[in-house]
Amino acid sequence: MRSPILLIDQRLLRFNFRLVARLLGMLLVIMALSMVVPIAVSLYYADGAQFGLALSALLILMLGLLLRNFLGVNARYNLNEKESFLFTAIIWIVVPLMGALPYLFTSSVTNFTDAAFESFSGFTTTGSSIMTDVDRLPKGLLVWRSTSQWIGGLGLILFVIALLRRLNEGSARLYEAEFSGTLQRRLHPRMARNVVLMWTIYVLLTAALFALLMIDGNGFVDSYCTALSTVSTGGFMTHNCGMAAFSGFSLFCITLFMFLSGVNLAVLYCFFTGKWRNLHGDEELVRYLLIFIVAVLLCSVAFCIADGGISTFNICFSFFHVASTLSTCGFYTTPPAVWPMTVSVVTFLLIFIGASAGSTGGGLKIKRLMILSRYARNYFVRMIHPRAVLSVKVNGKVVENSYVTKVFSYVFLYLLFVVLGAFVLTLCGSNIPNAFCMAAANIGNLGPSPVINNLGASLDYVQLMPLAKWTMMLLMLAGRLEIFAVVAVLMPAYWSRRN
């Protein structure tokens, strides 16, 4: 009888580690090249961070080339499902850890835990921050923070799929591992072409917002960083006062692009290419619009009643606040003096609802909630009519029972992660309101939004214990990978599978 250790060793040997090393090396090379703009900005402003950024880029580049050209040489270009989940987990751990180097080498933080927290928050587009004085950060580091969010916005794996077409079926498996928690509408039958189209829309949205902000008179750094953080629904801001530093027109543009970033990319593709007929009957888009409008109306009415009259400022703030929360961007600006309980309740619900499936936003996603509500409706109908044969449908198409079960599993795991995360945070000294709000905000990739403070919490990440910070990093990662990829690798049954 073979020993368990020998069996595990044989399973590990069957893994295509050469391909995993090669793909990871490619991403690290891309990551190093993406630091060119932050270094250039740092040199231009002579902020002193150029040496730390350059050293970080050099080390990341060397590691990437080592993995790609030596450990990954003669790799077999095929990935099974098991390897795709492992690769996804590895890449989403290694890349943020390497992304922590600029924070350390520029002396912006004093310990690795804080640097890793800032990096994980960036790449997972969460936006939580341990930086207490953003205004004093080097310009180059501000650009790197937002760049990390933009890279992580669509997903690290999609870089690989777009650049490496030799993966063939492996591309589909990586795509499914990256979006393991929901069904994604494809823009093109070919996977590589599908991903290229997604990136094209993503780049065009970013460029459009950047141009609008520059036209309105904002500086390059503010415009560039805000455009990257908005379209990725990341939430990193360039000033301590948040978005209050921008003009009314800029806030209008940011609000509009936060709203668009919460829409399914497939819907945006149909809209921008004139294929409007394909949008007819898109139930998730209708629900997204409905939730947005109802939330804005409720907040506007509540603010106006509390203020004793109709106020343009309250209405504009309601639009901004709902777009920021629903898209899980997490931007904030100067709020009205009085914060009604109605707004707090709406905010709390929006945190869990999140954006559309197939967007860069987080949360439970509207499509999942649609499936759950329709399953519940069918259940109650069958209580009255036991012989009724009912199925869950979305956009007129039947949703398979296996996927309905997957949605139930996802929601259960999502809430379980919130509860367990909050439990650990309470052990670390946080009170119950703070713990639950921090856990919900970070797994939903909403992050820093101080509007949550009006729910009775104070999201002060700097003072937290290291264990609490690593717990929230795990929540960020679970939320960004939609849980299943993380849970799969942690389960013993995963390692016992043959493929």
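Is Tyr-461 buried or exposed? In this predicted model, Tyr-461 turns out to be buried, with a relative accessible area of just 2%. That puts Tyr-461 under the 20% cut-off for a buried residue.

Tyr-461 has a ring partner, Phe-117, and this pair is one of the 21 aromatic pairs that come out of the count. A pair of aromatic rings is described by the distance of the centres and the angle of the planes. For Phe-117 and Tyr-461, the centres are 5.6 Å apart and the planes meet at 45°. An angle of 45° is neither under 30 degrees nor over 60, so the pair goes down as tilted rather than stacked or edge-to-face. In sequence terms, the contact bridges distant parts of the chain, as Phe-117 and Tyr-461 are 344 residues apart. Phe-117 belongs to helix H7 (residues 112-123), whereas Tyr-461 is in the loop between helix H20 (432-443) and helix H21 (466-480). Phe-117 is buried too, with a relative accessible area of 0%.

A second tilted pair is made by Phe-259 and Tyr-288, with ring centres 5.0 Å apart and planes at 40°. Here the partners sit on two helices, Phe-259 on H13 (residues 248-261) and Tyr-288 on H15 (residues 283-307), so the contact ties together parts that are 29 residues apart in sequence. Phe-259 has a relative accessible area of 15% and counts as buried; Tyr-288 is buried as well, at 1%. The pair doesn't stand alone, either: Phe-259 and Tyr-288 join Phe-292 and Phe-319 in one aromatic cluster.

Rings also turn up next to charges. The charged end of Arg-145 sits over the ring of Phe-236, 3.9 Å from the ring centre. Likewise, Arg-368 lies over the face of Tyr-410, with 3.7 Å to the centre of that ring.

Then there is the surface. Which residues form a nonpolar patch there? The members are Tyr-375, Tyr-379, Phe-380, Met-383, Ile-384 and Phe-408, and together they present about 670 Å² of accessible area. Helix H18 (residues 366-384) supplies the largest share of the patch, namely 5 residues. One of the patch members, Met-383, is found in helix H18. Met-383 has a relative accessible area of 53%, which is over the 50% cut-off, so Met-383 counts as exposed.

Notes
Residues numbered from 1 in each chain as written. Predicted model: local features only at pLDDT ≥ 70, side-chain atom pairs only at ≥ 80, totals over all residues. Heavy atoms only, no water. Patch = residues over 30% accessible without salt bridge, like charges linked within 9 Å, V, L, I, M, F, W, Y side chains within 5 Å. Areas by Shrake-Rupley, 256 points an atom, 1.4 Å probe, with all protein chains shown as cover. Salt bridge = Lys/Arg side-chain N within 4 Å of Asp/Glu carboxyl O. Helix = DSSP H or I, 4+ residues; strand = E, 2+ residues; numbered from the N terminus. Buried < 20%, exposed > 50% of the residue type's maximum accessible area, 1.4 Å probe, protein only. Phe/Tyr/Trp six-rings, centres within 6.5 Å; stacked < 30°, edge-to-face > 60°. Lys NZ or Arg CZ within 6 Å of the ring centre and 35° of its normal.
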